[in-house]
Amino acid sequence: MFALRDSAATASPPVPDAATSTGLKRSISLPLLVLYGLGTTIGAGIYALTGAVAEQAGMAAPTSFLVAAGLAGLTGLGFAELAGRYPKAAGEAVFVDVAFGVRPLTMAVGVGVLASGLVSAATISVAFAGYVGDLVSTPEAVLTVGLLVVLGVIAAVGVRESVATAGVITAIELVGLVLVVWVARDAWSAAPARIGELAGFSGATVAGVAGGAFLAFFAFHGFEDMDSVAEETVNASVTMPRAIIATLIITTFVYVVVATTAVLTVPPADLASSDAPLSLIFERAGGRSEILSAIAGIAMVNGVLVQLVMAPRIVYGLTRLGLLPAAAGAVSARTGTPVRATVAAVAAVAALALTLELTSLARMASGITMAVFVAVNVSLIVIKRRQGPARSFSVPAWMPWLGTAASIALLVMELGTGIE
């Protein structure tokens, strides 16, 4: 069904690039890329989203996460193939450009991905400032700008440093989740007797499990940002597919284990009524909830950092496609990063965070992401018909069709409900 080989070659023609004097430096290995992928996917959302999924699915929340993983995998594996075929910054725009060659469409997809990332970063920045503002007597605007400046400097210094920083924060996030499972480990003794409830065979409705899966799907967002560092990844045509697949597998395992621990430890109704469900679990199992709250705050920092790494590379990729002036994505010979675009991204996020009401924008960003998923899946259908299977990694021909259908369904649900 799937083909994954060590050859770095692909069956695809080169993607047209604009001439640039300095290119991005390849310094990201597979382990670093997986950590970056986990950082873009496993974020503060899982610390809050568990309760919302439990509200819909009850004890079957773990099954909802498994269903969501299947839906995410349809598009995620498509991204893995396309990233192997075309390991370029601004990957989504590149995929659409190769498939259709319609420049306005390519530009729209690129701008959509960029806008979604900037709005997401602004939303998280505001949340972080509000969280820290409750702990220290500093104006939220100062906290927001301060966070963005510090992370912008990290992003500009070098991609390896940025990815390493994101990796450290990701490790802290994972430690927090491991702590939850460890402190509440005694609750797992009830799992064999409640396996039917956990699997959704009893005490749950199909609609409840499906509703929970819809919510849980958004906890898998982030793998699509991994292709932004493709041109800084060693042996990218092989490394990118492997990293995306590894990210999806690890994320699924973590989410299912955490969700199972959650519903076995605390009644789903209590999880649903809590603003910090994992902190509630930790507290009831004998831990100090402040620890989980602090880790959730750290996770917010990672969410901003990965977007400040991603956004400048979207700009860089669009300049390589000739859709933006080359100067916009110019790469510093000293740092090997698009410093000018990084500064612009920091300024844009700060402006959004300080001036706009972000709730509706965050919902719009999520809708844009789903629309991009549709475009990417359709692009893969066209590319596979035209060029056949890829040499580095290839999915079955039917998979992008299912990915397209699932993405359209999720987009309709997103527009209908306004779920962030």
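## Salt bridges and packing, step by step

The side chains of E81 and R85 form a salt bridge, with their closest N and O atoms 2.9 Å apart; a salt bridge here is a side-chain nitrogen of Lys or Arg within 4 Å of a carboxyl oxygen of Asp or Glu. The structure is a predicted model, in which local features need pLDDT of at least 70 and side-chain atom pairs count only at pLDDT 80 or more, while totals for chains, interfaces and linings use all residues. Residues are numbered from 1 along each chain as its sequence is written, and side-chain values use heavy atoms, leaving out hydrogens and water.

**Exercise A: a pair within a helix**

Find out how far apart E81 and R85 are in helix α3, and whether they are buried or exposed.

*Solution.* Start with the general idea: side chains of opposite charge can pair when their charged atoms come close. Next, look at the helix: E81 and R85 both belong to α3 (residues 61-85), and because they are four residues apart, about one helical turn separates them. Helices (H or I, at least four residues) and strands (E, at least two) are DSSP runs, numbered from the N terminus. Then check the surroundings: E81 and R85 are both buried. Buried means under 20% relative accessible area, exposed means over 50%, and partly exposed is in between (1.4 Å probe, protein chains only). Finally, widen the view: E81 and R85 join K384 in a network of salt bridges.

**Exercise B: two more pairs**

How many salt bridges does a search of the whole structure find, and what is the burial state of R194, E197, R313 and E232?

*Solution.* The search finds seven salt bridges. One of them joins R194 and E197, at 3.0 Å from N to O. R194 is partly exposed, at 28% relative accessible area, and E197 is partly exposed too, at 26%. Now turn to R313 and E232, whose closest N and O atoms are 2.7 Å apart in a salt bridge. R313 sits in helix α13 (residues 289-320) and E232 in the loop between α9 (206-217) and α10 (236-265), so this pair ties together parts that are 81 residues apart in sequence. R313 counts as buried, at 0% relative accessibility, and E232 also counts as buried at 0%.

**Exercise C: around V159**

Work out what V159 touches, leaving out residues up to four places away in sequence.

*Solution.* First place the residue: V159 is in helix α7 (residues 159-183), and it is buried, with a relative accessible area of 5%. Then list its contacts (heavy atoms within 4.5 Å): K25, S27, I28, V229, E232, R313 and T337. Both partners of the E232 and R313 salt bridge are in that list. As a last step, take I28, which is 131 residues from V159 along the chain, yet their C-alpha atoms are 7.9 Å apart.

**Exercise D: the nonpolar core**

Which residues touch the most other members of the largest nonpolar core?

*Solution.* A nonpolar core is a set of buried Ala, Val, Leu, Ile, Met, Phe, Trp, Tyr and Cys residues joined through side-chain atoms within 4.5 Å. The largest one has 126 residues, and Y36, F65 and L308 touch the most other members. Helix α13 gives the most to this core, with 15 residues. Now zoom in on Y36: beyond four places in sequence, its contacts include V163, A166, V306, V309 and M310.

**Exercise E: helix α9 and T239**

Find out how many residues of α9 are buried and which backbone oxygen lies 2.8 Å from a polar side-chain atom of T239.

*Solution.* Nine of the twelve residues of α9 are buried, so this helix is largely enclosed by the rest of the structure. Among the buried ones are G208, V209, F214 and F217. For T239, begin with its place in helix α10, where it counts as buried at 9% relative accessibility. The backbone oxygen is that of V234. Beyond four places in sequence, T239 is in contact with S29, L30, L33, T233 and V234.

**Exercise F: confidence**

Which element of the protein has the lowest mean pLDDT, and which the highest?

*Solution.* pLDDT is the predictor's confidence in each residue, from 0 to 100. The protein averages 86, and 91% of the residues score at least 70. Strand β1 (residues 3-4) has the lowest mean, 50, and α10 the highest, 95. Over residues 4-21 the pLDDT is below 50, and this stretch has 49 contacts in the model beyond near neighbours in sequence.

How values were computed
Polar contact = N/O pair within 3.5 Å; in protein donor to acceptor, adjacent residues only side chain to side chain.
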